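Q: I'm new to this one. Can you walk me through it?

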Amino acid sequence: MEKNSKDLKEELFINKLSGWLDINEEEKNEIFNFSNEYINFINESKTEREAVLYLKNMLDNNGFKNINEVDYIKEGDKVYYINRNKSLYAAVIGSNKLENGLNLIGAHLDSPRLDLKPNPIYEDNGFSYFNTHYYGGIKKYQWTAIPLSIHGVIAKSNGEIINLSIGEKENEPIFTITDLLPHLAYDQMEKKMNNAILGEDLNILTGSIPYDKETKSVKLNILNILNKKYDIKEIDFTSSEIELVPAFKARSLGIDESMVAAYGQDDKVLAFTSTKAILNIEKPNKTCVCILADKEEIGSMGNTGMSSSTFDYFISELLNKKSENKEDLLYKVYNNSKMLSADVDAGFDPIYKSVSDDNNSSFIGRGVVLNKYTGSRGKSGASDANAEYMAYIRSILEKNNIRYQVSELGKVDSGGGGTIAYILANKGIDVVDAGIGVLSMHAPYEVTSKFDIYSVYKFYYKFYEC
Ligand code: MN
Ligand code: MN
């Protein structure tokens, strides 16, 4: 007998309904509890260094050991390697030989922000400022007239390291970049958005009290305060990494509390969920590896970025310490490995429909997002996952009833983006981008769906288990 059209449609069409329709009250509680844990993490992890510390503690508390402190490893062991306090690799050793391939998930810990210039302190007409150089893709106008906090390290030439964090606690001051009042902004408002605020003008207001009548120097007063508090001089800023980030707290968003608003969710939401997944893996078949990279937002360069050979070094250490290494074995390991590049996708935003093809967009609240390829304008620079590998990934999702959608970032000629996927694909690993959708990506406040956060965590766990 012919099926009725409603059933036939359900059978043949892709399910594009909200994921919230699939869950019961108990699952909703699980989702909300998991999101609360995530909100705690992201409030404590505004920079890559803070995220590494937080995640290291999670690993330490779950039986992981620093690989530098173990001489050999065996099936079931859990190890990690911290690269210059800014990126981290963790592994759970499987029962199979490493040369049979790894199950890898790779996210990144860095987010767009404002970095201090090497000589940041100056004074102008009775105000003192920090000069900045922005990091990653930002819309500069979004960073004025919002509360900012300072995070980072100053490394002194005597070897001392000073950790800075000002502006997160209620009793601490915050910082801001002033903007022009509308009354005098006629010329500014006529400019293109990209030029209305210049990178050179993203200057952080830091003080207004002169040191004394003699010098009238506000800069001197600021340096004197810093000197008393941290024992630093102006020259010490030349060996520092200090970041200005939004001082907003991560919060539940909406009357139904279904979403999370927070700074830096690209890509700490997937750093958190992939770490949580590997924490819960015991005695896997394949060795599971969690990559938490730095410098993704500026092209993955440098010795803490994904392009660095430090990652090869970590995998070689696994081979060495498991006594499996042979000449050139690393190539074989990579060619047999499977990976999820855990990065966020641009969620469809009904206010800005025109940049997206709604049939090929990801929607927040509809689960895991797979990007078969990224790149821009003709797939330029893309790592395009093989059909067979896509099918393998789909089979894991479908077997475990995890909602997913396959999308691309924006309309064909609208732009595009990249992730760390191609770097690992170039080593011979099967890779696909698998994350969740985000609204207002790279803005001081980004929006995600709690349903997606929990779905992607479940997916990462099941991927590791294979
Ligand atoms: Mn990202
Ligand atoms: Mn990004």
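Here is a short chat about the metal sites and a surface patch.

A: Heads up: this is a predicted model, where local features need pLDDT of at least 70, side-chain atom pairs count only at pLDDT 80 or more, and totals for chains, interfaces and linings use all residues. Residues are numbered from 1 along each chain as its sequence is written, chains are lettered from A and ligands numbered from 1 in the order written, and side-chain values use heavy atoms, leaving out hydrogens and water.

Q: What coordinates the manganese ion (ligand 1)?

A: His108 (NE2), Asp266 (OD) and Asp343 (OD), with Asp343 (OD) listed twice, at 2.1 to 2.6 Å. Donors here are N, O and S atoms within 2.8 Å of the metal (3.2 Å for Na, K and Ca); water is not among the atoms, so sites may look incomplete.

Q: And which residues hold the manganese ion (ligand 2)?

A: Asp266 (OD), Glu297 (OE, listed twice) and His442 (NE2), also at 2.1 to 2.6 Å. Asp266 bridges the two manganese ions, ligand 2 and ligand 1, which lie 3.3 Å apart. Asp266 sits in helix α7 and His442 in the loop between β21 (437-438) and β22 (446-449), so the pair ties together parts 176 residues apart in sequence. Helices (H or I, at least four residues) and strands (E, at least two) are DSSP runs, numbered from the N terminus.

Q: Is Asp266 buried or exposed?

A: Buried, with a relative accessible area of 3%. Buried means under 20%, exposed over 50%, partly exposed in between (1.4 Å probe, protein chains only). His442 counts as buried too, at 17%.

Q: Switching topic: where does Leu12 lie?

A: In helix α1 (residues 5-12). Leu12 counts as exposed, at 61% relative accessibility.
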